[in-house]
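Trainee: I would like to know how the terms used for a structure follow from its numbers. Could we go through them one at a time?

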Amino acid sequence: MTSRRGPLADTGSQLVRWLMLGGLALFALALVACDGDDDGDGTATATQATASPTPTEDGEDPEGTPAGPGPEAFTTPAPGEGPRSGGEIGEPASEDVIAALDIDVVPGGAGLPDGSGTVAAGSDVYATNCARCHGATGTEGGIGPRLVGEEGPWEPGKAITIGSYWPYAETVYDYIRRAMPFDAPGSLSDDEVYAVVAWLLAEEGIIEDDVELNAETLPQVRMPNRESFFACWPEECRPDVP
Amino acid sequence: MSDEHGPEPARNESEQSEVHRGLSRRGFLASAAAAGGAYFLGRFGPASAQTPTISEDDIVVPDDPTKTLGMSLSQRGLRSPFVHVQRQINDPNAPLGAAGWTFSPLQDLEGTITPADLHFERHHSGVAMIDPAEHRLVVHGMVQQPKQYTLWDLERMPQESHIYFVECSGNSLAGYPGGDADSTAQSIHGLVSTSEWVGVPMRHIVEDVGLDPASTWALFEGSDAAVMTRSVPVEKLMEDALIALYQNGEPIRPAQGYPMRLILPGWEGNMQIKWLRRIEFGDAPFYTKEETRHYTDRLPDGRSRQFTYAMEAKSVITRPSPGQGLAGAGRWTISGIAWSGRGRIERVEVSTDGGSTWEDAALLGESRTRSTVRFHHPWEWDGEEAMLMSRATDDTGYVQPTREALLEVRGPDYTYHYNGIQSWRLHPDGTLSNGYVDA
């Protein structure tokens, strides 16, 4: 009896959800359905309503405990219903696991993927994916910031653009690939990212229009504001006010 | 957008459902009747039929609470209908609602701990909703054994509890231009919050993977839509960094990085990566966008400071402050908070005459390293215009500077790390305004 109640309760709550979708007119029926399997004993159904992984009907013991790793496991419940083990903490991360996450691209070009992109192709990538936030030519800004149209190195009074301020072209690639477009992050192919970086840098006059960017050529790009940055770690620049 | 009404962490659902069976149908009815089934589903999510039994709509305030039965028990508490505390969204009309920040209501809070649902927010691409069963923290790079950890793995490692503030690097940036006359403690300084954080010290992770002694930097990466990244010096990781799992006694909320986030005590908030999914050890900074294009400090000579991490000593009077008022001359308590990213606050002074004279304020409770401390100062107001200021000193001997001193060194293009003395102008009618703006 006890072990059957959980699934019934689940059916009941599913019913409630669907009826609520149907609107207020059906809502009273949902309450009847909910009442129907309560029988004044609320506790037995409690475990069934817990989070995934949903215990199977057979997986529940008479106490209503969800199927777990067995009596040898730590008896105080670990938080949630996730995997438990009394063995090693954590497990070795395989090369595949790491490769799937390891997307950073750093100065010098480490992390740049295969592929390439041209300025011409980048013009199309920009128009399709970027112009709606950054403006038709990237000089306007809008929902997103202005991107291009200022010469570096930066000095007071100048606009902050990729060309006037960003110290590394690798960072431009890294950022666009990881976080842009804002409303569809990670949707550009590696080639499309190369292309749109090429277009942005060409718009800033940093590379020629016929340059193709790839893992070999991108790290050769020298950004105009690069020498303007100085590190405040490990030797700190502050306090700067007595 | 914010976390309060999102799905609850999986670890809590069994307790919730237990309570739900006995008590919740009234709540179903009340919620649905008040707002309709579609609203109900949207608010609490179809995967969670559990619901608080009491909502704001249920509250009735009787004329005499001793002659009317009180309200029911409930699964989650509510604030009094007479208490109106909420975060302030920087720009509610911004087209990118997921990218921006919300200010904590400093003027409405006392003590030091910020309720988790009022902790300031700064998200670059929205709040990530993460199923902890699917989440892994992968640690690799210059280590002997790359590893991956589940939330439950981290639960089994030695943990520590600390009360630290987290402050956005851009907090108080309105102070450089000065802000508006009607700026408030919340709208200028509300990007700081203080919590009890419980989690695994990074040094345990470092030991577990066998860090290469030649490694000096690590990249921390979030699992949000910005896949946020910052480089952190290994030296800081070994000193006091924490992989936090709990905030003020509960699992960290989604808006603060559930299921796990980095805490770097005293350092700028942006580095304290939320929704942490990856740590890569290396021997150089990774020069991410957030440590090149952003979170660098532009100087009048055109150069830019990089890797300016500590949030320096600061204080602000939260009561009275703009938006509040004094009913008239007489005895009042000036209240505020002070904090330092370099250590412990040793002293807070208060001036009511625009900085001509200063008096020591009382520090309430323990002053902890890299945490906020509350100060109180009794004051007899004579009803004349007054300029209220506070000035913090930390245990390095550093004294919170004036706005003028900061501007002189940093110039008009500096954005971050503003910690100048805030002044509030108290007008004879008892209202207050931002003292940076001429009356």
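The talk below takes up the two chains in turn and then the sheet that joins them.

Mentor: This is a predicted model, in which local features need pLDDT of at least 70 and side-chain atom pairs count only at pLDDT 80 or more, while totals for chains, interfaces and linings use all residues. Residues are numbered from 1 along each chain as its sequence is written, and chains are lettered from A and ligands numbered from 1 in the order in which they are written.

Trainee: What makes up the secondary structure of chain A?

Mentor: Chain A has 8 helices and 4 strands. Helices (H or I, at least four residues) and strands (E, at least two) are DSSP runs, numbered from the N terminus. From that end, the order of elements in chain A is α-α-β-α-β-α-α-α-α-α-β-β.

Trainee: How much of chain A counts as buried?

Mentor: The share is 36% of its 242 residues. A residue is buried if 20 or more other C-beta atoms lie within 10 Å of its own, exposed if 12 or fewer, and partly exposed in between, with C-beta atoms placed from the backbone.

Trainee: Why is A:Glu91 called partly exposed?

Mentor: A:Glu91 has 16 C-beta neighbours inside 10 Å, so it falls between the two cut-offs and counts as partly exposed. This residue is found in strand β1 of chain A. Leaving aside residues up to four places away in sequence, A:Glu91 touches B:Lys147 and B:Gln148. Contact here requires C-beta atoms, placed from the backbone, to lie within 7 Å.

Trainee: Why are helices α4 and α8 of chain A called roughly perpendicular?

Mentor: Helix α4 (residues 119-129) and helix α8 (residues 190-203) of chain A pack at about 100 degrees, with axes 7 Å apart. Axes are lines fitted to C-alpha atoms, for helices over the stretch in contact, and angles run from 0 to 180 degrees between N-to-C directions. Angles under 35 degrees count as roughly parallel, over 145 as roughly antiparallel, 65 to 115 as roughly perpendicular and the rest as oblique. The angle therefore makes α4(A) roughly perpendicular to α8(A).

Trainee: What kinds of residue make up the contact of α4(A) with α8(A)?

Mentor: There are 9 nonpolar, 2 polar and 1 charged residues. Ala, Val, Leu, Ile, Met, Phe, Trp, Tyr, Cys and Pro count as nonpolar, Asp, Glu, Lys and Arg as charged, and the others, Gly among them, as polar. The residues that meet include A:Gly122 and A:Ser123 from α4(A), and A:Glu192 and A:Trp199 from α8(A).

Trainee: How do you know that the buried residues of α4(A) are on the same side?

Mentor: The buried residues are A:Val119, A:Gly122, A:Val125, A:Tyr126 and A:Asn129. They cover an arc of only 105 degrees around the axis, so they lie on the same side of α4(A). The arc is that of the directions from the helix axis to the C-beta atoms. Their cover includes β2 (116-118), α5 (131-134) and α8 of chain A.

Trainee: What does chain B consist of, and which helix there has its buried residues on the same side?

Mentor: Chain B comes to 8 helices and 24 strands, and 53% of its 439 residues are buried. In helix α6 (residues 202-209) of chain B, the buried residues are B:Met202, B:Ile205, B:Val206, B:Asp208 and B:Val209. Their arc is only 165 degrees, which puts them on the same side of α6(B). After α6(B) comes B:Gly210, with a positive phi near 70 degrees.

Trainee: What makes β16 of chain B mostly covered?

Mentor: Strand β16 (residues 314-319) has 6 residues, and 5 of them are buried.

Trainee: How do you know that β16(B) and β17(B) pair?

Mentor: Two strands pair if DSSP finds at least two bridges between them. β16(B) and β17(B) are joined by 5 bridges and run antiparallel, so they pair. B:Arg319 has B:Ser335 in β17(B) as its bridge partner. B:Ser335 also stands opposite B:His376 in β21(B).

Trainee: Which strands are the edges of the sheet that holds β1(A)?

Mentor: That open sheet has 6 strands in the order β1(A)-β5(B)-β4(B)-β13(B)-β8(B)-β9(B), with mixed pairing. Its edge strands are β1 (91-92) of chain A and β9 (229-233) of chain B, each pairing on one side only. β8(B) and β9(B) pair in the antiparallel sense over 5 bridges, with B:Leu219 opposite B:Ser231.

Definitions and conventions. Two residues are in contact if their C-beta atoms, placed from the backbone, lie within 7 Å.
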